[in-house]
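Me: Could you take me through one part of this protein slowly, as if I'm new to reading structures? I'd like to look closely at the strands and how they sit side by side.

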Amino acid sequence: MKRTKLIAGAFAALTLAGAAQAQAPAALEGKIVRGQDGVVLGVVERVTYRDNGAPAQVLVRPKGPPTAGPRSLSYSALRQEGGELTAPLTQAEFNAMPAVNVAPK
């Protein structure tokens with residue numbers, strides 16, 4: 001009986017943790033993304049999700065002219081540091097990435 005309650009409690013905690021984690025990426029919109037060398041790459045424009053609700057990609061609008069389209073970065077590759085995000089790319093690598101076409105929200 002105790003073991004069943006323990007397992008049920010652990011499952012409930014994991015479910016709640018998963019729900020909190022699924023909501024966190026929406027809060028990323030508008031955050032600054034820096035490259036591995038500390039240079040600002042751009043700002044998070046949108047987070048895309050898989051069918052199961054897990055975050056998949058983060059669309060980052062490059063710093064500079066608004067005509068440049070966003071670049072798609074893997075959500076799992078980003079690291080949060082303070083109120084900003086860090087990507088494992090240099091500015092040259094980021095700028096060389098193709099822009100993605102995004103439908104309006």
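Reply: Here is a walk along the strands, beginning with some ground rules.

This is a predicted model, so local features need pLDDT of at least 70 and side-chain atom pairs count only at pLDDT 80 or more, while totals for chains, interfaces and linings use all residues. Residues are numbered from 1 along each chain as its sequence is written, and side-chain values use heavy atoms, with hydrogens and water left out.

Let's get our bearings. The protein has 2 helices and 6 strands, and from the N terminus on they run α-β-β-β-β-β-β-α. Helices (H or I, at least four residues) and strands (E, at least two) are DSSP runs, numbered from the N terminus. Of the 105 residues, 24% count as buried; buried means under 20% relative accessible area, exposed over 50%, and partly exposed in between (1.4 Å probe, protein chains only).

Now for the strands themselves. Two strands pair if DSSP finds at least two bridges between them. Strand β1 (residues 32–34) pairs with β2 in the antiparallel sense over 3 bridges, and one partnership here joins Arg34 to Val40 in β2. The two strands make a hairpin with 5 residues between them, and Gly38 in the turn has a positive phi of about 90°.

Next door, β2 and β3 run antiparallel too, joined by 7 bridges. Among the facing residues, Val43 stands opposite Arg61 in β3, and Gly42 has Pro62 in β3 as its bridge partner. This hairpin also has 5 residues between the strands, and Gly53 takes a positive phi near 90°. Arg50 is found in the loop between β2 and β3. With a relative accessible area of 49%, Arg50 is partly exposed. Leaving out residues up to four places away in sequence, Arg50 touches Pro55 and Ala56, where contact means heavy atoms within 4.5 Å.

What about β3? In β3, 6 of the 8 residues are buried, so the strand is largely enclosed by the rest of the structure. On to its link with β4: 4 bridges join these two antiparallel strands. Gln57 stands opposite Ser74 in β4, and Val60 stands opposite Arg71 in β4.

Strand β4 (residues 71–74) has two faces: Arg71 and Leu73 are on the covered one, Ser72 and Ser74 on the uncovered one. That fits a handy rule: in a regular strand the side chains alternate between the two faces of the sheet. Arg71 also lies over the face of Phe94, at 5.9 Å from the ring centre. A charge sits over a ring if NZ of Lys or CZ of Arg is within 6 Å of the ring centre and within 35 degrees of the ring normal.

Finally, the inside. The largest nonpolar core has 13 residues, and Val33, Val44, Leu73 and Leu78 have the most contacts inside it. β2 (40–49) and β3 (55–62) are the elements that give two or more residues to this core, with the largest share, 3 residues, coming from β2. A nonpolar core is a set of buried Ala, Val, Leu, Ile, Met, Phe, Trp, Tyr and Cys residues joined through side-chain atoms within 4.5 Å. Take Val44: not counting residues up to four places away in sequence, Val44 touches Leu28, Glu29, Gly30, Lys31, Val33, Val58, Leu59, Val60 and Leu85.
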